[in-house]
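Student: I would like a close look at a single part of this model, taken slowly and set in the context of what surrounds it. Could you walk me through one helix and the residues it turns inward?

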Amino acid sequence: MSNKLEIVYYTDLKEKNDLMHLWAQSFVWLATPTVIDSWAKVGHSLKDTPIGTCGLIDGKLAGFVGMLELPTRNKNGEVEMVGGIWAIATRPSMARQGIGKQLLD
């Protein structure tokens, strides 16, 4: 990849419409920023998280990795929060350039 990938949290992404289009292409479901924000307010796994990371190249969306927190019990029966991935998508025209890997890292 020739241009540097800028990584920002979903919550800090100024323009979310392009991301909604990528989700529709990648996951075949439509959402709006209003819907996503409402999930984050009530969903225990997304509440108080950045929802995901977005990769931008020259200010244009290149990819996305959705993150969440999940409660789990350790071997002592104590509840611990662990991280999880709920989605990963790369713009098809930018595929196979390591964008998803960088976002996961």
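Tutor: A residue is called buried when its relative accessible area is under 20%, and with that cut-off in hand we can turn to helix 1, bearing in mind that this is a predicted model. Helix 1 covers residues 17-27, and within it Leu19, Met20, Leu22 and Trp23 are buried. Seen down the axis of the helix, these buried residues fall within an arc of 160°, so they line one face of helix 1. An α-helix has 3.6 residues a turn, so residues three or four places apart point the same way. The buried residues of helix 1 pack against helix 2 (33-42), and also against strand 2 (52-57), strand 3 (60-73) and strand 4 (79-90).

That packing can be set beside the largest nonpolar core, which has 19 residues, and in which Tyr10, Leu19, Met20, Trp23, Ile36, Cys54 and Phe64 have the most contacts. Helix 1, helix 2, strand 2, strand 3 and strand 4 each supply at least two residues of this core, while the largest share, four residues, comes from helix 1. In soluble globular proteins, nonpolar side chains tend to be buried together. Leaving aside residues up to four places away in sequence, Cys54 touches, among others, Leu19 of the helix as well as Tyr10, Phe64 and Leu103. Apart from this core lies another, of seven residues, among them Ala62, Val65, Ile99 and Leu103.

As for where the helix ends, helix 1 is followed by valine 28, whose phi is positive, near 55°.

Terms used
Residues are numbered from 1 along each chain as its sequence is written. This is a predicted model: local features need pLDDT of at least 70, side-chain atom pairs count only at pLDDT 80 or more; totals for chains, interfaces and linings use all residues. Side-chain values use heavy atoms; hydrogens and water are left out. Buried means under 20% relative accessible area, exposed over 50%, partly exposed in between (1.4 Å probe, protein chains only). The arc is that of the directions from the helix axis to the C-beta atoms. Contact means heavy atoms within 4.5 Å. A nonpolar core is a set of buried Ala, Val, Leu, Ile, Met, Phe, Trp, Tyr and Cys residues joined through side-chain atoms within 4.5 Å.
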